[in-house]
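Biologist: I am new to this structure and would like to go through it slowly. Could you show it to me before we begin?

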Amino acid sequence: MTEKEEIVFANGCFWCTEAVFQRLEGVEQVASGYTGGAIKNPAYREVCSGRTGHAEGIRIVYNPSIITIDTLLEVFFATHDPTTLNRQGNDRGTQYRSEIFYTTEEQKEKAEAFIALLTENRVFKDPIVTAISSLGTFYLAGEDHANYYNQNKEQPYCQFIITPKINKIKEFYADKLKIN
């Protein structure tokens with residue numbers, strides 16, 4: 001039996017990132033929540049204030065024999081702007097920072113190498129500001145945040161912000177998507 005691995009990505013609103021990674025073959029579980037902050041059991045409103053130091057993130061449980069960390073990193077960097085400090089689109093504050101929270105040394109090394117490759121090849125006009133940190137405690141967000149996009153596709157935020165990300169992975173990563 002293949003071991004499962006876990007990684008947490010913070011790259012803006014967790015509604016957006018959850019919806020993207022749920023669709024990838026080999027990703028077995030995606031949960032929205034908070035990590036990287038200073039207080040225990042933060043609530044959504046506290047995190048949104050920016051005073052807790054937590055980032056909105058998604059915990060991904062994946063099967064590395066089906067989807068590699070390299071593919072996860074590629075999708076991570078393709079579906080957000082890693083050059084904007086504490087901001088993704090209209091979402092502003094430290095809770096929307098770009099950060100990778102690794103659980104293995106291999107994940108850390110792969111993330112560092114991937115950022116170096118993107119930088120060397122000048123994939124982005126501006127410098128990448130994505131931080132790489134060891135995962136501490138991950139706190140689950142409330143149930144009302146779980147599976148948000150799939151349950152609220154008709155909401156304007158979902159249509160204008162999340163659906164284009166979904167369309168992008170359908171176009172560029174069709175061979176990596178789950179068959180529904």
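Modeller: What follows is a set of questions and answers about the overall fold, the sheet, some buried residues and the salt bridges. This is a predicted model, in which local features need pLDDT of at least 70 and side-chain atom pairs count only at pLDDT 80 or more, while totals for chains, interfaces and linings use all residues. Residues are numbered from 1 along each chain as its sequence is written, and side-chain values use heavy atoms, with hydrogens and water left out.

Biologist: Which pattern of helices and strands does the protein chain follow along the sequence?

Modeller: Helices (H or I, at least four residues) and strands (E, at least two) are taken as DSSP runs, numbered from the N terminus. Counted this way, the protein chain has six helices and eight strands. Read along the sequence, they give the pattern β-α-β-α-β-α-β-β-β-α-β-β-α-α.

Biologist: What is the radius of gyration of the protein chain?

Modeller: This radius is taken over C-alpha atoms, and the globule rule used for comparison is 2.2 Å times the number of residues to the power 0.38. The C-alpha atoms fill a box of roughly 40 × 35 × 35 Å along the principal axes. For 180 residues the rule gives 16 Å, and the chain is as compact as a globular protein of that length because its own value is close to that, at 15 Å.

Biologist: What share of the contacts with a separation of 6 or more comes from residues 24 or more positions apart?

Modeller: A contact here means heavy atoms within 4.5 Å. Among the contacts in the protein chain with a separation of 6 or more, residues 24 or more positions apart account for 78%.

Biologist: Which strands are the edge strands of the open sheet?

Modeller: Two strands are said to pair if DSSP finds at least two bridges between them. Six strands form the open sheet, with mixed pairing, in the order β7-β6-β1-β3-β2-β8. Each edge strand pairs on one side only, and these strands are β7 (131–134) and β8 (139–140).

Biologist: Which residue in β8 stands opposite G33?

Modeller: Strands of a sheet pair through backbone hydrogen bonds, either parallel or antiparallel. Between β2 and β8 the sense is antiparallel, over two bridges. Opposite G33 in this arrangement stands L140.

Biologist: With which side chain does the side chain of S32 make a polar contact?

Modeller: S32 is found in strand β2, residues 27–35. With a relative accessible area of 5%, S32 is buried, where buried means under 20%, exposed over 50% and partly exposed in between (1.4 Å probe, protein chains only). Leaving out residues up to four places away in sequence, S32 touches several others, including F14, I58, F138 and H145. A polar contact is a pair of N or O atoms within 3.5 Å (within protein, one must be able to donate a hydrogen and the other to accept it, and residues adjacent in sequence count only if both atoms are side-chain atoms), and at 3.5 Å the side chain of S32 makes one with that of E18.

Biologist: Is Q107 buried or exposed?

Modeller: Q107 lies in helix α4. Not counting residues up to four places away in sequence, Q107 touches E5, E6, I7, Y62, I69 and Y102. Its relative accessible area is 1%, so Q107 counts as buried.

Biologist: How many residues of α3 are buried?

Modeller: The buried residues of α3 include I69, L72, V75 and F77. This helix is mostly covered, and of its 10 residues the number buried is eight.

Biologist: How far apart in sequence are the parts that K4 and E28 tie together?

Modeller: A salt bridge is a side-chain nitrogen of Lys or Arg within 4 Å of a carboxyl oxygen of Asp or Glu, and the side chains of K4 and E28 meet in one at 3.4 Å, N to O. Because K4 lies in the segment before β1 (5–11) and E28 in strand β2, the pair ties together parts separated in sequence by 24 residues.

Biologist: Which helices hold D70 and K110?

Modeller: The side chains of D70 and K110 meet in a salt bridge of 3.2 Å, N to O. The pair ties together parts that are 40 residues apart in sequence, because D70 and K110 lie respectively in helix α3 (residues 69–78) and helix α4 (residues 105–120).
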